[in-house]
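This report describes selected helices, loops and residues of one protein chain. Please consult the sequence and structure shown below while reading.

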Amino acid sequence: MRETAGEGSGGPARRKAREGSGSGPGSRAGTGADAGSGQHKRRARRGTRRFPLFTKDTARPEGGGRAAPGDAPAPARQWPLLTVLIVVGIGLLVTALDAFRVGLLLVGAGLLGGAVMRWTLPRVGMLAVRSRFTDIVTYGILGVVIVLLALMAQPRPWLEIPFLDDVLHYTVRNR
C-alpha cells in the first residue's frame with residue numbers, strides 16, 4: 001500500500017493495523033458504509049483542477065505579516081510600504097513643480113526600491129500584495145519602464161537608443 005503525503009496519520013504502526021484489519025482492497029471484511037472509504041477519501045480530497053466559481057477565502061501573500069513587532073505603532077509596522085509611498089509622493093511633487101524628468105526618475109526609483117525590499121526582506125507588511133515573485137516582477141518592470149521613459153523623454157533626452165528612431169519614425173524631434 002502506497003501512502004501519499006496527506007494520507008493517513010500515525011505512521012507505520014497505524015498503517016500495519018489498517019493492513020491487518022482486513023479492510024484492504026482485496027478483502028471482503030468491512031462491507032458496510034466504510035468499505036473503500038480510503039479510496040473515496042483520496043478522490044474527494046483531490047477535487048478538480050478547475051478554478052472555483054466563487055472564492056471562499058484567500059491566502060495571505062508570502063511576507064505579508066508585520067514588518068515590525070506588533071507592539072510598535074502602526075506606521076512603524078508598515079515602514080516598507082511607507083518608504084515606497086513617500087519616495088513616489090516626493091517624485092510626483094517634484095514632477096508637479098515642473099522638473100518632470102527628475103520627478104519621474106524618483107517615481108521609478110521608488111518602485112525599484114519596492115522590488116528590492118520585496119526580494120530581500122522576509123516581512124514587508126502591506127507592500128506584499130501578491131506572491132513574492134509576482135510582486136518583484138511587477139514593481140521591477142514598472143520601475144524600469146518609468147525610469148527608461150523618463151530618460152528618453154523629449155526634448156533633449158538623456159538617453160538615446162538608436163533603433164528606436166527607426167521604430168518610432170513618426171516622432172517629432174527638435175534638434
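## Helix α5

In this predicted model, helix α5 comprises 21 residues, and the distance from its first C-alpha to its last is 30 Å. That span is close to the 30 Å expected at 1.5 Å a residue.

The buried residues of α5 are Arg101, Gly103, Val107, Gly108, Gly110, Leu111, Gly114, Ala115, Met117 and Arg118. Helices α4 and α6 are among the elements that cover these buried residues.

## Leu106 within α5

Leu106 belongs to helix α5, which runs over residues 100-120. Its relative accessibility is 29%, so Leu106 is classed as partly exposed; the buried class requires a value under 20% and the exposed class a value over 50%.

When residues up to four places away in sequence are not counted, Leu106 touches Val87, Ile90, Gly91 and Val94. The C-alpha atom of Leu106 is also 8.1 Å from that of Leu92, although 14 residues separate the two along the chain.

## Gln78 between α3 and α4

Gln78 is located in the loop that joins α3 (74-77) to α4 (79-96). Gln78 counts as buried because its relative accessible area, 17%, falls under the 20% limit.

Outside its neighbours within four places in sequence, Gln78 is in contact with Val124, Gly125 and Met126. For Met126, the model also shows a polar atom of the Gln78 side chain at 2.6 Å from the backbone nitrogen of Met126.

## Ala128 between α5 and α6

Ala128 lies in the loop between α5 and α6. With a relative accessibility of 9%, Ala128 is counted as buried, since the limit for that class is under 20%.

Pro80 and Ala128 are 48 residues apart along the chain, and their C-alpha atoms are separated by 9.6 Å.

## Phe133 and the nonpolar surface patch

Is Phe133, a residue of helix α6 (residues 132-152), buried or exposed? Its relative accessible area is 63%, and Phe133 is therefore exposed, the threshold for that class being over 50%.

Phe133 also contributes to a nonpolar surface patch of about 490 Å². The patch is made by Phe133 together with Val137, Ile141, Val145 and Leu149.

Definitions and conventions
Residues numbered from 1 in each chain as written. Predicted model: local features only at pLDDT ≥ 70, side-chain atom pairs only at ≥ 80, totals over all residues. Heavy atoms only, no water. Helix = DSSP H or I, 4+ residues; strand = E, 2+ residues; numbered from the N terminus. Buried < 20%, exposed > 50% of the residue type's maximum accessible area, 1.4 Å probe, protein only. Contact = heavy atoms within 4.5 Å. Polar contact = N/O pair within 3.5 Å; in protein donor to acceptor, adjacent residues only side chain to side chain. Patch = residues over 30% accessible without salt bridge, like charges linked within 9 Å, V, L, I, M, F, W, Y side chains within 5 Å. Areas by Shrake-Rupley, 256 points an atom, 1.4 Å probe, with all protein chains shown as cover. Salt bridge = Lys/Arg side-chain N within 4 Å of Asp/Glu carboxyl O. Expected span 1.5 Å × (residues − 1).
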